[in-house]
Amino acid sequence: MTTAATRGDRRVSPVFLGIVAVMAVTSWAVWTDFSASAGLAVFLFVTAAWIVSLCLHEYAHARTALHSGDISVGAKGYLTLNPLKYTHALLSIVLPVLFVIMGGIGLPGGAVFIERGRIRGRWKHSLISAAGPLTNVAFAIVCTAPFWLDALDGVPLLFRYALGFLALLQVTAALLNFLPIPGLDGYGVIEPWLSYGIRRQIEPFAPFGLLAVFGVLFIPAVNHAFFDGIHALMQTLGVSEVDTYCGQQAYRFWTDQDPRCLMR
């Protein structure tokens, strides 16, 4: 019989603390231009910060489930923020990082297994699903705050670019994950309100929802329309297309660099 989460089950993992340390050190290296390879520093900073946000995304699901009645999440290690404890490490960490490297799109994958039978109430089920992408919304607000608060005076240009790209990842993660498509959190929000028959019909397609989204996004017309909308939203938050473009350029340091982004 599963018991309530103990103090050990909730202790922050050294693995997560190590990732946070990498994020802190590399952010300092980007800020001070200390690294011999500025591009490598940006890559490590953004990747570490992205993984931290993935951990917080999944933690939000688990923590909300714990308070909604699923006390099994503690024993599974979900409350430790350790990415190695997730049910699908490939979906939760490896693929999201690969998608960032390949296309500059942020999307957390499904990683924590919630025992839904322990939870009573449709609102609770919806809130558990919404908790993850809402974490990305909060992360996006933090990343964009220096832009919309006009607080960038004295901020090194390379750090500004890196922060702009990281903000782009959080915004795309939040928006895409809120899509009401099977396999994504947006569908998890509305699923409790659907009839049993409809849920049974949709269930077989859930494993392919994430792949379908990325497949559609590789259609040029859809990709352009999607990023036009994303950049319009980023503009309202004070983050220009130059910020996100040059941030991605710096992140992909192994590619030919656009000389327009090399000025500091």
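**Notes on the H3, H5 and H6 packing, plus one pocket**

1. H3 and H6 cross in a right-handed sense (the near helix is turned clockwise from the far one by less than a right angle; anticlockwise would be left-handed). A quick caveat: this is a predicted model, where local features need pLDDT of at least 70 and side-chain atom pairs count only at pLDDT 80 or more, while totals for chains, interfaces and linings use all residues. Residues are numbered from 1 along each chain as its sequence is written, and side-chain values use heavy atoms, with hydrogens and water left out.

2. On the geometry, the axes of helix H3 (residues 38-68) and H6 come within 10 Å and cross at roughly 30° (axes are lines fitted to C-alpha atoms, for helices over the stretch in contact, and angles run from 0 to 180 degrees between N-to-C directions). That makes H3 roughly parallel to H6 (angles under 35 degrees count as roughly parallel, over 145 as roughly antiparallel). Among the H3 residues in this contact are Phe45, Trp50 and His57, facing a set from H6 that includes Phe159, Phe165 and Gln170 (contact means heavy atoms within 4.5 Å). The contact residues divide into 13 nonpolar, four polar and no charged.

3. Next, H3 against H5: they pack at about 155°, with their axes 8 Å apart. That makes H3 roughly antiparallel to H5, and the crossing is right-handed. Trp50, Ser53 and His57 are among the H3 residues that meet H5, whose side includes Lys124, Pro133 and Phe139. By class, this contact has eleven nonpolar, nine polar and one charged residues.

4. H5 (residues 122-148) also packs on H6 (residues 157-177), at about 150° and with axes 8 Å apart. That makes H5 roughly antiparallel to H6. Here, though, the crossing is left-handed. Pro133, Asn136 and Phe139 are among the H5 contributors, while H6 brings residues including Arg160, Leu166 and Gln170. The split is 13 nonpolar, five polar and one charged.

5. Elsewhere, the second largest pocket holds about 220 Å³ of space. Twelve residues line it, with Phe227, His231, Glu241, Tyr245 and Gln248 nearest its centre (a pocket is an open set of points on a 1 Å grid where a 1.4 Å probe fits, with protein on both sides within 12 Å along at least five of seven lines; lining residues have an atom within 4 Å of a point). Helices H10 (220-236) and H11 (241-251) each give two or more residues to the lining, and H10 has the largest share, five residues. The lining comprises three nonpolar, seven polar and two charged residues.

How values were computed
Helix = DSSP H or I, 4+ residues; strand = E, 2+ residues; numbered from the N terminus. Parallel < 35°, antiparallel > 145°, perpendicular 65-115°, else oblique. Nonpolar A, V, L, I, M, F, W, Y, C, P; charged D, E, K, R; others polar. Points joined across faces, edges and corners; volume = space filled by probe spheres on them.
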